[in-house]
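Me: I am new to this structure and would like to go through it with you in questions and answers. Please reason carefully before you give each value or name.

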Amino acid sequence: MKRFLLFGLIFISMMISQSNFAEASDRRAAFIRYDGLWLKEGELERKLVEGPDLTHPKFSSNGTYISYVARKGKELWVYNRVTRLKRKVFDGDVSLERWSPTESKLSWKSGSVLNVIDLTRPASSFQNVILGTGNYSWTPDGRGFVVSSSANLEPDGWSPVQLFYVPENANGDLKKVQNITTLPKMSDTFFAIGTTEFKWGMDDQWFAFIACPTASLSADSNTLMVVALDGSKSHIIGNMLDQPNWFNWSPNTKQLGYIKGIGRLTSENKRLTVWNPKSGNEINLGYTGYADGDFTWLNDRNIIVSRQIEWGYGVPLEKRAKPFLVSVKVKDGSAKRLTNPARGEADVYPKTLPGEQLTWIRTNTQSAKVMVKEGSDAPERLWINNLRTPQDCSGWSCMLDIYEAR
């Protein structure tokens, strides 16, 4: 009897270990070190491409391809994770490279020209989609783009920003372009000359974005907006900084979270806030004396946010607090601290993976690493070491992309 019990315990232990290994092996990241582009799958990692000036790794929607930028934004490349072959797809200025959510098609801007290429056709070259692009995002069905124009300075002030729907196969044909809406004109209460990317929520019929004024003003305040895809309705939600990781839709319940607050210091007057489209009401989930930053929805009930004790310009450098991660309940704003980084280290850029696994970056500005928790209550551990810091580009997304089944 004892022998059968022992075998039973061993079998259960093996099943649990295999389950944990399966979850870990599903976790995948493309990242940049100082010597090139690397891939981490579960606990295995390998260098994909050698080179000192590589940035912006991005997985295709099915995880087969990884795009990256070389020569300080002058070349766009794609690496096939299955065949282990790389391919240069564009020579010239590259920005805003983004994968289709449904197919192996890659888009990017060169100047104001939006381009796209289908990687499933080895002999194909890229196609021009449309001219005059400010910012853009793929639509959820992968058939086209929402595109913003850039405002022009005219004798009576700045022209208003317009939003368009452009089919993926437009090929420069203006007759295929549809106007969605025009943002308000420049006034004492609203000013925008461009937008950020567009993020989809509410059954993919609405998108959120930040409307940005000129650079000097944008450093202090921008406007978060929500617009219906058919252009029938729009809402001005609130003021915030131009931080792409500071507004995100909840997974299922049609709520929009964002970091509310003005002022160019990220360490003061920044509050985690949730806006409810049905009621039009918002909930302040901040905590007095603390400033919020990067965040991710763990599920529809909980948000993981990078939070720090507030400080202003008058606080000496050595006394300025560093961010740590907390879990905040949307229902009542109650918070639970999740991480305790060492002195001088900051926990930022949290990301949620399937199974409510949590990853984030821990950095002291000179070095960085990626940490992981199998769940919010699980112990933390090191997952990726020696991540390159984004000293020559903007934000952690130019150094790291963690794959999710999109």
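Me: Is Cys-212 buried or exposed, and at what relative accessibility?

Reply: This is a predicted model, in which local features need pLDDT of at least 70 and side-chain atom pairs count only at pLDDT 80 or more, while totals for chains, interfaces and linings use all residues. Residues are numbered from 1 along each chain as its sequence is written, and side-chain values use heavy atoms, with hydrogens and water left out. Buried means under 20% relative accessible area, exposed over 50% and partly exposed in between, with a 1.4 Å probe and protein chains only. Cys-212 therefore counts as buried, its relative accessibility being 9%.

Me: Why is Cys-212 not bonded to the closest cysteine sulfur, and in which residue does that sulfur lie?

Reply: A disulfide is taken here as a pair of cysteine sulfur atoms within 2.5 Å. The sulfur of Cys-212 is 18 Å from the closest one, which is too far for a bond, and that closest cysteine sulfur belongs to Cys-398.

Me: Which residue does a disulfide join to Cys-393, and what is the handedness of that disulfide?

Reply: Searching the whole structure gives one disulfide, and it joins Cys-393 to Cys-398, with 2.0 Å from S to S. Both Cys-393 and Cys-398 are buried. Because the torsion about the S-S bond of Cys-393 and Cys-398 is about 70°, the disulfide is right-handed.

Me: Which residues touch the most other members of the largest nonpolar core?

Reply: A nonpolar core is a set of buried Ala, Val, Leu, Ile, Met, Phe, Trp, Tyr and Cys residues joined through side-chain atoms within 4.5 Å. The largest such core has 34 residues, and those touching the most other members are Leu-37, Ile-361, Leu-387 and Leu-400.

Me: How are the rings of Trp-138 and Phe-145 arranged?

Reply: Rings of Phe, Tyr and Trp (its six-membered ring) pair if their centres lie within 6.5 Å, and planes under 30 degrees apart count as stacked, over 60 as edge-to-face and the rest as tilted. The count by this rule is 16 aromatic pairs. In the pair of Trp-138 and Phe-145 the centres are 4.3 Å apart and the planes lie at 50°, an arrangement that is tilted.

Me: Which residue lies over the face of Phe-324?

Reply: A charge sits over a ring if NZ of Lys or CZ of Arg is within 6 Å of the ring centre and within 35 degrees of the ring normal. For Phe-324, the residue over the face, at 3.6 Å from the ring centre, is Arg-337.
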